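Visitor: I'd like to be walked through this model, one question at a time. Can you take me along?

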Amino acid sequence: MRSWLAIPVLAVLLCACGTGQDGESGPRPPRLPVPVELVFDDAGRPSMDVLAAEQVLRRGNGEEPQTLDPHLAEGVPSANILRDLFEGLATTDPDGRIVPGAAIHWDISRDGLTYTFYLDPAGRWSNAEPVTAEDFVWSWRRVVDPRTAASYSRMLAPVANASAILAGSAEPETLGVSALNETTFQVRLDDPTPYFLGLLTHPTTFPVHRASVEEHGSAHVRPGRLVSNGAFVLADWQVRSRIVLDRNPHYRGQEQVLIEQVVFYPLEDENTEFNRFRAGDLHWTYQVPSGQFRWLNEHMSEALMVAPWFGTYFFSFNLTRYPFQDNLELRRALNLAIDREIITQRVSRFGEIPSFNLVPAGLPDYEPPVPDFAAWSQQEREEEARRLYQRAGYSDSNPLTVELRYNTSENHRKIAVAVAAMWKQVLGVRTRMVNEEFRVFLQNRAQRRVTQVFRAGWIGDYQDAFTFLELFHSAHGRNDAGYANPSFDRLLDQIAAERIPSRRRNLMVEAERMLLADQVILPVFTYVSKRLVDPRLKGWQENVMDQHLSRHMFLVQQKELEPRRPDRLDETENTATEQADLEDNGPESAEAESGTGLSLFRSAPLPLSPASPGVQPC
Amino acid sequence: MLNYSLKRLASAIPTLLLLITFAFFLIRIAPGGPFDAERALPPEIEANLAAKYHLDEPLVFQYARYLWQIARLDFGPSFHYLDWTVNDLIAQGAPVSFTLGAIALVLALLIGIPIGAWAALRQNRPADYAAMSVAMIGISIPNFVVAPLLILLFAITLGWLPAGGWEFTPSRMVLPVITLALPMIAYIARITRASMIEVLHSSFIRTARAKGMPEKTVLLDHALKPALLPVISYLGPAAAAILTGSVVVERIFTIPGIGSYFVQGALNRDYTLVMGVVILYGILIILFNFLVDLLYAWLDPRIRYDDPEVAS
């Protein structure tokens with residue numbers, strides 16, 4: 001009869017299941033640590049009395065980085081680590097603004113074609129050697145050398161001769177860069193490129209240590225070999241387990257760095273990452289479980305951080321084939337029939353911002369053109385949609401049959417279903433949904449043979465509207481819509497050559513207006529960055545580029561923690577300690593301490609109420 | 001026996017070659033390439049990448065190059081994890097997967113066989129029904145349900161064990177090992193029970209009992225050994241599968257084994273990585289099937305491989 005023991009065991013498991021993560025019922029509310037009040041000393045640094053004894057930052061970081069060679073890296077997980085390991089000529093402050101990095105200042109010639117960077121003489125590699133202008137010359141030549149096969153090398157395309165070198169018709173030595181002396185680095189551009197400084201925070205433009213690369217080849221990025229010039233240095237790398245960075249004692253600003261160690265955990269599964277955050281293993285997550293916005297906002301609002309991001313989610317029409325070729329009215333009808341509020345509030349549900357534009361709002365020098373129908377009510381849009389649909393030759397008896405293609409993902413599927421339902425409801429369109437594995441989808445999109453309407457999305461590479469607009473140049477490799485408008489191409493060429501910022505801005509607004517008027521895309525929403533952050537982690541700010549350098553961050557003590565208590569415990573003990581401490585505080589005091597609701601920007605907290613537009617859960 | 005072993009090992013080479021050829025061309029047929037991304041590469045950069053990885057050569061040349069490479073035990077560079085060779089990745093991941101798999105396997109045998117034998121001895125009694133029902137549940141509940149439940153219970157609700165992450169420490173291994181072992185325990189218990197019942201009804205057991213042999217000797221020496229034959233057959237492929245890791249368990253517990261490479265490698269079109277793990281899996285299957293055959297001979301005295309009459 002001992003086998004009946006199985007029943008209580010199962011019952012316990014099922015009880016656990018009752019508080020499981022399925023749907024919006026969500027798991028049991030966790031108890032988050034409550035930070036002490038932040039106090040700064042006279043120098044504006046956080047007071048030593050409030051800092052946690054152990055400054056080890058644990059960051060969830062999405063998938064395993066493809067590489068830690070800054071010149072070969074692509075993707076956000078690599079970039080997050082590389083921005084901690086290396087420092088480019090420019091870097092970003094906690095707000096995401098471009099500030100001097102390895103170069104303490106720079107001059108730009110009147111024609112906008114020559115940039116002269118003056119390197120910080122205190123700049124050091126992690127092996128104590130000085131960072132020189134020659135290091136940058138060698139590194140940038142390496143980026144454009146075809147033998148390096150750097151996939152992001154086009155970031156240096158504005159530099160004189162870069163394109164010819166990439167194409168193999170010129171030698172890397174002819175690149176328009178030179179070292180005027182030990183600490184002066186000069187760059188010559190082919191065209192004035194107002195966003196050029198923005199490119200300098202991208203890992204592709206970071207310097208690498210020549211001697212290490214020449215000695216170890218592609219293995220120069222291994223722990224113990226990687227020589228970097230950033231605030232941290234690579235200490236350990238267990239593939240798909242963790243990447244550990246230690247504070248770089250030779251970093252030029254090392255006295256400002258409070259974090260002693262950063263551990264990046266590659267965590268692909270959002271639920272796994274969430275569980276580890278709840279168990280106290282992480283201070284910072286890369287993502288949050290989709291579809292749990294409401295629960296998280298109710299129970300973990302002090303940890304949930306949602307902010308506008310520099311990216312747009314849209315659908316695109318294939319303009320080279322039936323039925324969308326030369327059928328502006330039909331495209332506009334389909335665009336008008338979509339209710340973006342419903343998609344963001346009831347489908348994607350993570351505070352995404354409904355959008356009618358390609359370029360996301362939030363750029364300092366760019367005001368996106370608003371289409372006429374943005375101010376209409378949804379009912380007015382739908383009426384106009386029906387009128388245009390009929391003018392395009394379709395009706396209830398002769399409905400449009402269209403194919404909507406997206407790549408495999410639960411979120412994409414839900415959004416596609418919603419779009420198809422809206423088309424059906426408003427216009428009577430019959431939609432066939434096609435779901436494809438990502439690389440098959442990309443190939444089909446690029447070939448433009450089988451696509452009609454397809455999902456697309458874009459996160460800007462640098463802080464400039466051009467990073468979005470250039471996608472639709474008729475010669476661009478990712479112009480999967482097949483948009484070929486000579487006027488638009490001409491505008492883009494003018495923007496590339498324009499030196500006066502205000503004129504350039506007007507040209508970009510005009511280009512976006514033209515693109516939207518041509519109904520090339522069906523914008524849905526502006527992406528948001530979303531993550532869970534331990535309330536004890538301070539020193540960081542939400543920013544539209546979503547760049548967060550560990551060197552700006554620090555950990556403060558939690559309340560009720562005895563000040564002289566040894567804090568160096570192993571992970572399990574630490575979690576147990578936190579939980580024990582929190583038993584005293586309880587979740588109520590946690591909420592009272594950190595204010596209410598979701599903050600859309602730390603600097604401008606925006607309490608979430610059911611009436612808040614755009615972020616209302618359902 | 002030695003002759004037989006050598007022959008079996010020699011026959012493994014064409015099998016492996018066939019596997020390599022098949023896998024090599026199959027992955028190349030899949031649409032899309034390793035360097036496709038949402039951000040399209042300019043043609044000149046695409047050409048540089050193709051040249052660096054020899055993807056611009058005719059496929060047959062690439063195949064010949066690959067064969068020559070693996071003849072020197074070099075699986076080549078990974079197309080996705082650019083800082084590592086496939087050898088590096090397997091060398092880092094395989095010990096993790098092997099350790100977890102081996103512990104789960106031993107655990108499954110130690111628990112599954114006694115449960116199966118015990119249920120067989122109590123055939124059609126409540127204990128038998130209960131054990132087999134639990135086993136059925138073990139088989140039918142997938143590991144992607146079991147794993148989160150275990151985390152919820154032991155890591156989050158009770159706080160006894162970590163929610164994931166990897167180190168060679170018992171506390172990090174407990175939950176993944178249980179998740180891996182549970183369905184296997186259930187399978188082994190059911191197979192053992194079925195085959196034990198069959199053996200217990202055979203005439204040589206009746207004879208042994210009639211001769212007054214102690215029940216313990218009858219069960220352990222005479223009944224259990226032949227009853228294990230089907231379990232051994234099951235173990236061949238199952239061991240190869242469990243030792244090469246599980247995608248689901250690795251993902252949920254964030255374990256850096258090689259199981260995920262089967263899926264991630266294919267999705268990323270990381271040709272060399274997929275080939276590496278497929279070849280490893282192939283070798284393990286061949287090896288374990290060979291071991292199974294050797295174990296057969298040990299467990300069943302009627303099987304002798306070097307006896308020409310029996311072997312033929």
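Visitor: How many residues does chain A put into the contact with chain B?

Guide: Keep in mind that this is a predicted model. The contact draws on both chains, with 45 residues coming from chain B. On the other side, chain A brings 52 residues.

Visitor: And which helix of chain B gives the most to the side that touches chain A?

Guide: Several helices are candidates, since helix 2 (43–52), helix 4 (86–121), helix 5 (126–140), helix 6 (143–157) and helix 11 (247–253) of chain B each supply at least two residues. By class, that side of chain B has 28 nonpolar, 10 polar and seven charged residues. The top contributor, with eight residues, is helix 6 of chain B.

Visitor: Staying with chain B, how many of the 13 residues of helix 3 are buried?

Guide: Helix 3 of chain B covers residues 59–71 and reaches 18 Å from its first C-alpha to its last, close to the 18 Å expected at 1.5 Å a residue. After this helix comes B:Leu73, whose phi is positive, near 60 degrees. Helix 3 of chain B is hardly covered, and its count of buried residues is one.

Visitor: Is B:Thr254 buried or exposed?

Guide: B:Thr254 sits in the loop between helix 11 and helix 12 (259–267) of chain B. Its phi is near 45 degrees, a positive value in a residue other than glycine. The cut-off for burial is 20 or more other C-beta atoms within 10 Å. B:Thr254 has 27 such neighbours, so it counts as buried.

Visitor: What about B:Arg269, buried or exposed?

Guide: Look in the loop between helix 12 and helix 13 (271–299) of chain B for B:Arg269. Here phi is near 55 degrees, again a positive value in a residue other than glycine. With 21 other C-beta atoms within 10 Å, B:Arg269 is buried.

Visitor: Over to chain A: what share of its 618 residues is buried?

Guide: Chain A has 17 helices and 18 strands. Among its contacts between residues at least 6 apart in sequence, 68% join residues at least 24 apart. As for the 618 residues themselves, the buried share is 46%.

Visitor: In the open sheet of four strands in chain A, which strands stand at the edges?

Guide: The order in this sheet is 1-10-9-8, with mixed pairing. The twist averages 20 degrees from one strand to the next. An edge strand has a single partner, so one side of it is left without a neighbour in the sheet; that describes strand 1 (56–60) and strand 8 (232–238) of chain A.

Visitor: Which residue is the bridge partner of A:Leu245?

Guide: Strand 9 of chain A spans residues 242–247, and four bridges join it to strand 10 (residues 261–265). Those two strands run antiparallel. In strand 10, the partner of A:Leu245 is A:Val262.

Visitor: Which residue does a cis peptide bond join to A:Tyr322?

Guide: Check the loop between strand 11 (304–317) and helix 9 (328–336) of chain A, where the proline in question is found. Omega is about 0 degrees at this bond, and the residue joined to A:Tyr322 is A:Pro323.

Visitor: Last one: which residues does A:Pro371 touch, leaving out those up to four places away in sequence?

Guide: A:Pro371 is in the loop between strand 12 (353–354) and helix 11 (378–391) of chain A. It has 19 C-beta neighbours inside 10 Å, so it counts as partly exposed. The residues it touches are A:Phe356 and A:Leu516.

Conventions. Residues numbered from 1 in each chain as written. Chains lettered and ligands numbered in written order. Predicted model: local features only at pLDDT ≥ 70, side-chain atom pairs only at ≥ 80, totals over all residues. Pairing = 2+ DSSP bridges. Axes fitted to C-alpha atoms, helices over the stretch in contact; angles between N-to-C directions. Buried ≥ 20, exposed ≤ 12 C-beta atoms within 10 Å, placed from the backbone. Contact = placed C-beta atoms within 7 Å. Nonpolar A, V, L, I, M, F, W, Y, C, P; charged D, E, K, R; others polar. Expected span 1.5 Å × (residues − 1).
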